[in-house]
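Biologist: I have a new model open and would like to learn how to read it step by step. Could you walk me through it?

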Amino acid sequence: MKFLNFFLLAIPLSIFLHFTNSSPSLVFLFACLSIIPLSGYMGKATEEIAIYVGPSIGGLLNATFGNAAELIITVFALKSGLLEVVKASITGSIIGNLLLVLGLSMLIGGFKFKTQKFNRAAAGMHTSMLLLAVTGLIIPAIFLNSHANPAAEPLSLGVAAVLILVYLLSLLFSLHTHKDVFRPSQEHSETPKWSRLKALLILLIATLFVVIESEFLVAGIEPVVKTLGISELFIGVIVIPIIGNAAEHSTSVMMALKNKMEISLEIAIGSSTQIALFVAPLLVFIGYLIGRPLDLLFTSYELIVIILGTVITAVINMDGRSNWLEGAQLLAAYVIMALAFLFI
Amino acid sequence: MKFLNFFLLAIPLSIFLHFTNSSPSLVFLFACLSIIPLSGYMGKATEEIAIYVGPSIGGLLNATFGNAAELIITVFALKSGLLEVVKASITGSIIGNLLLVLGLSMLIGGFKFKTQKFNRAAAGMHTSMLLLAVTGLIIPAIFLNSHANPAAEPLSLGVAAVLILVYLLSLLFSLHTHKDVFRPSQEHSETPKWSRLKALLILLIATLFVVIESEFLVAGIEPVVKTLGISELFIGVIVIPIIGNAAEHSTSVMMALKNKMEISLEIAIGSSTQIALFVAPLLVFIGYLIGRPLDLLFTSYELIVIILGTVITAVINMDGRSNWLEGAQLLAAYVIMALAFLFI
Amino acid sequence: MKFLNFFLLAIPLSIFLHFTNSSPSLVFLFACLSIIPLSGYMGKATEEIAIYVGPSIGGLLNATFGNAAELIITVFALKSGLLEVVKASITGSIIGNLLLVLGLSMLIGGFKFKTQKFNRAAAGMHTSMLLLAVTGLIIPAIFLNSHANPAAEPLSLGVAAVLILVYLLSLLFSLHTHKDVFRPSQEHSETPKWSRLKALLILLIATLFVVIESEFLVAGIEPVVKTLGISELFIGVIVIPIIGNAAEHSTSVMMALKNKMEISLEIAIGSSTQIALFVAPLLVFIGYLIGRPLDLLFTSYELIVIILGTVITAVINMDGRSNWLEGAQLLAAYVIMALAFLFI
């Protein structure tokens, strides 16, 4: 993760460029780069604080703020009325975690180890969680897509409520009733490296800068679309999820290099599940409260890639082992999807 | 199952209300309630008779009359030309068994037992049966949905013939060539509790009342749609399958409470398979004979929920274990689908 | 395979009929029949040569020329501008191998052996390869199907390039880095039965005749469509794949009769994977070079059957065992799909 610190230089640069009224595309670029290490620091600080407050509340913290950087970016996009970007980045986070992160982890881990094994039972549990989460998320889209729909808002709110409820139940499950079964792997880092104060300060400062940079980033989307001819959809599906999850990506690859594929799987699948069960419905509620109603009407492209990404992950996990070719194939699926989004 | 007997009071009530020309919605309500215990008695009496006639013919009886109550209701709906209700109730039976029945069983069973295990091989066999049955059922819908089609009738008949053939082969398989492998769990109740005569009489009387109440129910659908503003689709997908399968639901939950998840799975998945391979094609033939040709053109909503329900079940079964959260998630998927059907 | 030699008589017959200007439908029929044994000889000769040149280059030969007969037919169809036939035969090869070949093998093998087992890990690896290959193949179709698209050509070329790259990587994987894991079963025939010269000559002569007969066959498609009222789609999806793969079919069934289901699975799934990763993208490139641009815009019917066929195979393989009923059900799914293509 250390080399990512280099991107911290993008913070002063983006601020300077912003206040000197430079090209918004350039501000956009540096805002993107700066969020990569910042989201890493947010995640790391949350983990440290989680250790101090004990496993239960700590698990809750980790689970709730795991995708905080992305949540902040999408809230700003929502505020600016960029609803398509918000939905695209939900899609992109799900497939990015499943295909890009897992693909890279399996590829690079597979270079070092011929075959990497992981517990099928745990993988199966993560997979069925993911599948059910994704099903809930996409059903309103499928039903409403084909209806010009006054029902879009009430149905989206109803579904969001059910999803949040399932999310709370899953926290109860993993932090209380089945804490031994579900996340044994999280026990690995028990001694904090930062003092309580340091962790809190870093969390505060990183969050502050993520807020600033998110505002720059969102403000830059329209100019970038006009200047570079990339679609909003592409920015939402590919760019935002990559920068929002870069820190987690590097952790996942590192775990694969230590032959701990189970943790890689947990990061990738768990993060996708969290997007579907927590971030997406939360955005629906926030949108409702700030007067920017966000329905869950994903485009048919988004639905297809979410479904395919989920099914692929389910099948890959089925055999409890991975190798470099499976990694390469996941990456190929991601590249083909990205190409398709680029050409639309 | 005993508390369901309470609903037998709905029989005289519905008849009284019918002949005093009361609100058809009220007759509809009591007809629905009365079918719940009646279908239970039909099932119980069939099982008892099956024990007397020996395993082979008995298995045939159980397999053929397992969904008799629902078959009677849908035949009346067919006769009244309510083709959409018929297809909706086929859909609803499949997802109701897979998501609602299995979900409730896993949830309530999971409250009592931390993790419930079941034989993966048997579960795998049920699942692949289900998947192939469902595939056969939905293919004509997918092909014809997009064509305004003189081919709808011949193709539906052809497909129905293939499905019935597969159904007969699966009986040959489970009752003859592989009887030891496929349904070992059905050996559990070998001594009849009722005399032969009692069983026959109860079967006869229950069937008679189901016929009467089905007529009331079907006659009430249109008034209910007009009065309450619920769609025919919703009645077909949600209401009819719940009342037609309530007795089986309670058996499945009871088996889960005894930690016999295998039997719960068999009830839920077996019933869905039977709907796809036997009830649906039979309705196509009956419709053809009575001059109400029923094609297999399900709506795209119905296709989606059938496919998702089947895939979810396949993945859930994959790991050979269940817990309360998986049950809650299946129920959540069902609730979200029901919400969506409500809002269409 | 010996009884297939009988069809060699169709070669002189088709040539005679062609040069006496007989009914093109008759020439089409005999061209079809003649290709069945010819493609068998091409396959057999390739295998023999593969033994002489050693495992690595031999594996490459087998992998590259495994679907040579079909490639030749489709190249002629491409040259004649029958783009729909080309795409239909790609579809038909994939589902034909998965449902027809595997179904027949499981059915006939299941008559002899009550339950046939196979290695789940190997089956799982083949399945995830297939799934990823198919995903790559269908994504452009899904994205472009709904857009009238100047992007069809560049996207198809881009995707074809990614697929070919994955194909090369999978050869590197199975012939070099993981040769012990992936195809242990291919070690079974190590002593050649033909001399080097005989193998080369037979390969040459068989290929020559396949070229001639493919030209006859393709020239006969339009007359057959007009005379018999069968659609081009049906010829592409059902007829061409059956004759192009007949030899492999008989090998697969023979292996099932020897209780070597693993080899049957490998033939069926491996062949489908090769169509998706190698034959289809190669045709895109050839089409581009000869000025008949072939996009990967499959019809929605084709997409559906490819997806269903793949998912069914994945689920069937999941439990590592097969029986005659599973075979019958795969065949039923194939028959229903064929019926649907017939009625369109």
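Modeller: Happily! This is a predicted model, so let us begin with confidence. Chain A has a mean pLDDT of 87, and 95% of its residues reach 70 or more. For the model as a whole, the scores are ipTM 0.85 and pTM 0.87.

Biologist: And how should I treat stretches where pLDDT is low?

Modeller: Where pLDDT is low, the predicted coordinates should not be read in detail.

Biologist: Good to know. How many helices and strands does chain A have?

Modeller: Chain A comes to 13 helices and 2 strands. Its C-alpha trace spans about 50 × 50 × 40 Å along the principal axes.

Biologist: What does the radius of gyration say about chain A?

Modeller: Compare it with what a compact globule would give. For 344 residues that would be near 20 Å, and chain A has 19 Å, so the two agree. Two other values help fill in the picture: 59% of the residues in chain A are buried, and among its contacts with a separation of 6 or more, 84% join residues 24 or more positions apart.

Biologist: Now the helix packing. How are two packed helices described?

Modeller: By the angle between their axes and the distance between the axes. Take α4 (residues 68-79) and α11 (residues 261-289) of chain A: their axes come within 11 Å and cross at roughly 35°. The crossing of α4(A) past α11(A) is right-handed.

Biologist: Which residues meet there?

Modeller: From α4(A) come E70(A), L71(A), T74(A), V75(A) and L78(A), and they meet V279(A), L283(A), I286(A) and G287(A) of α11(A). By character, this contact has 6 nonpolar, 2 polar and 1 charged residues.

Biologist: Let us turn to the neighbouring chains. How many residues of chain A are in contact with chain B?

Modeller: There are 28 from chain A, in contact with 24 of chain B. On the chain A side, α6 (120-145), α7 (152-177) and α12 each supply at least two residues. The most come from α6(A), with 13 residues. This side divides into 18 nonpolar and 10 polar residues, with no charged ones.

Biologist: And what does chain A offer to chain C?

Modeller: Here 24 residues of chain A are in contact with 28 of chain C. The elements giving two or more residues on the chain A side are α12 (300-318) and α13 (324-343), and α13(A) gives the most, with 12 residues. This side of chain A has 18 nonpolar, 3 polar and 3 charged residues.

Terms used. Residues numbered from 1 in each chain as written. Chains lettered and ligands numbered in written order. Predicted model: local features only at pLDDT ≥ 70, side-chain atom pairs only at ≥ 80, totals over all residues. Helix = DSSP H or I, 4+ residues; strand = E, 2+ residues; numbered from the N terminus. Rg over C-alpha atoms; globule rule 2.2 N^0.38 Å. Buried ≥ 20, exposed ≤ 12 C-beta atoms within 10 Å, placed from the backbone. Contact = placed C-beta atoms within 7 Å. Nonpolar A, V, L, I, M, F, W, Y, C, P; charged D, E, K, R; others polar. pLDDT = per-residue confidence, 0-100. Axes fitted to C-alpha atoms, helices over the stretch in contact; angles between N-to-C directions. Left-handed = near helix turned anticlockwise from the far one by under 90°.
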